[in-house]
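Work through the exercises below with the sequence and the 3D view side by side. Try each task before you read its solution.

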Amino acid sequence: ERSHKDDVSPMRNYIAELAQKYDGGMSCLKKGARFHNWLLRGDRPVYVLLTDCRELKPIAQDLINQPICDQPQLIVVLVDKAKIAERVAQWIPRLYAEGLTVQVYIILSVHE
């Protein structure tokens, strides 16, 4: 959701430039429900999912029910505080136990 805010425009532009550098693209989807609709559209490129901690759980639970060919190469969770990163790190084993097979990384900055 925050990806559409003006204050994160520099970060959004940086990610878009980075994706282009490696012949990729970027799609900004506000919520997990939009991501679900994007998954259902069928033909999609190989992708990496960048999300925040609020959308991680619903998106991961949706991915658990998707065929492996529809899953991202990896999930990157961008958080703004170390304390939140610790909390997300505690959720990840539970998501794996529920059936998530995609590697999840937590970062505090897009420059990591």
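The exercises that follow go from the whole chain to single residues. Keep in mind that this is a predicted model.

**Exercise 1. Overall layout**

Task: Count the helices and strands, and give their order from the N terminus. Then decide how the radius of gyration compares with the globule rule.

Solution:
- Step 1. Count the elements. The protein has 4 helices and 3 strands.
- Step 2. Read them off from the N terminus. The order is α-α-β-α-β-α-β.
- Step 3. Compare the radius of gyration with the rule. The protein has 14 Å, and the globule rule gives 13 Å for 112 residues. These values are close, so the protein is as compact as a globular protein of that length.
- Step 4. Add the dimensions. The C-alpha trace spans about 40 × 35 × 25 Å along its principal axes.

**Exercise 2. Surface and contacts**

Task: What percentage of the residues count as buried? What share of the exposed area comes from carbon and sulfur atoms?

Solution:
- Step 1. Take the residues. Of 112, 35% count as buried.
- Step 2. Take the surface. About 7,400 Å² is exposed, and carbon and sulfur atoms supply 52% of it.
- Step 3. Look at contacts between residues at least 6 apart in sequence. Of these, 67% join residues at least 24 apart.

**Exercise 3. Strands S2 and S3**

Task: Do strands S2 and S3 run parallel or antiparallel? Which residue in S3 is the bridge partner of leucine 78?

Solution:
- Step 1. Find the strands. S2 covers residues 75-78 and S3 covers residues 104-107.
- Step 2. Check the direction. S2 and S3 run parallel, joined by 4 bridges.
- Step 3. Pick out one bridge. Leucine 78 is partnered by isoleucine 107 in S3.
- Step 4. Trace the connection. From S2 the chain passes through helix H4 (residues 82-98) to S3, and this β-α-β crossover is right-handed.

**Exercise 4. Two strand residues**

Task: Are threonine 51 and valine 76 buried or exposed? Which residues do they touch?

Solution:
- Step 1. Place threonine 51. It is found in strand S1, residues 49-51.
- Step 2. Apply the cut-off. Buried means under 20% relative accessible area. Threonine 51 has 9% relative accessibility, so it counts as buried.
- Step 3. List its contacts, leaving aside neighbours within four places in sequence. Among them are Leu56, Ile59 and Val76.
- Step 4. Place valine 76. This residue is in strand S2. Its relative accessible area is 14%, so valine 76 is buried too.
- Step 5. List the contacts of valine 76, not counting residues up to four places away. They include Val48, Thr51, Tyr105 and Ile107.
- Step 6. Compare with cysteine 53. It lies 23 residues from valine 76 along the chain, and their C-alpha atoms are separated by 9.8 Å.

**Exercise 5. The aromatic cluster**

Task: Which residues form one aromatic cluster? Classify the pair of phenylalanine 35 and tryptophan 38.

Solution:
- Step 1. Name the members. Phe35, Trp38 and Tyr47 form one aromatic cluster. The structure holds 3 aromatic pairs.
- Step 2. Classify phenylalanine 35 with tryptophan 38. Their ring centres are 5.9 Å apart and their planes meet at 25 degrees, so the pair is stacked.
- Step 3. Place both residues. They lie in helix H2 (residues 32-40), 3 residues apart, about one turn of the helix.
- Step 4. Turn to tryptophan 38 and tyrosine 47. This pair is edge-to-face, with 4.8 Å centre to centre and 85 degrees between the planes.
- Step 5. Check burial. Phenylalanine 35 is buried at 3% relative accessibility, tryptophan 38 at 13%, and tyrosine 47 at 10%.

Technical notes:
Residues numbered from 1 in each chain as written. Predicted model: local features only at pLDDT ≥ 70, side-chain atom pairs only at ≥ 80, totals over all residues. Heavy atoms only, no water. Pairing = 2+ DSSP bridges. Helix = DSSP H or I, 4+ residues; strand = E, 2+ residues; numbered from the N terminus. Right-handed = clockwise from strand over helix to strand, strands pointing away. Rg over C-alpha atoms; globule rule 2.2 N^0.38 Å. Buried < 20%, exposed > 50% of the residue type's maximum accessible area, 1.4 Å probe, protein only. Contact = heavy atoms within 4.5 Å. Areas by Shrake-Rupley, 256 points an atom, 1.4 Å probe, with all protein chains shown as cover. Phe/Tyr/Trp six-rings, centres within 6.5 Å; stacked < 30°, edge-to-face > 60°.
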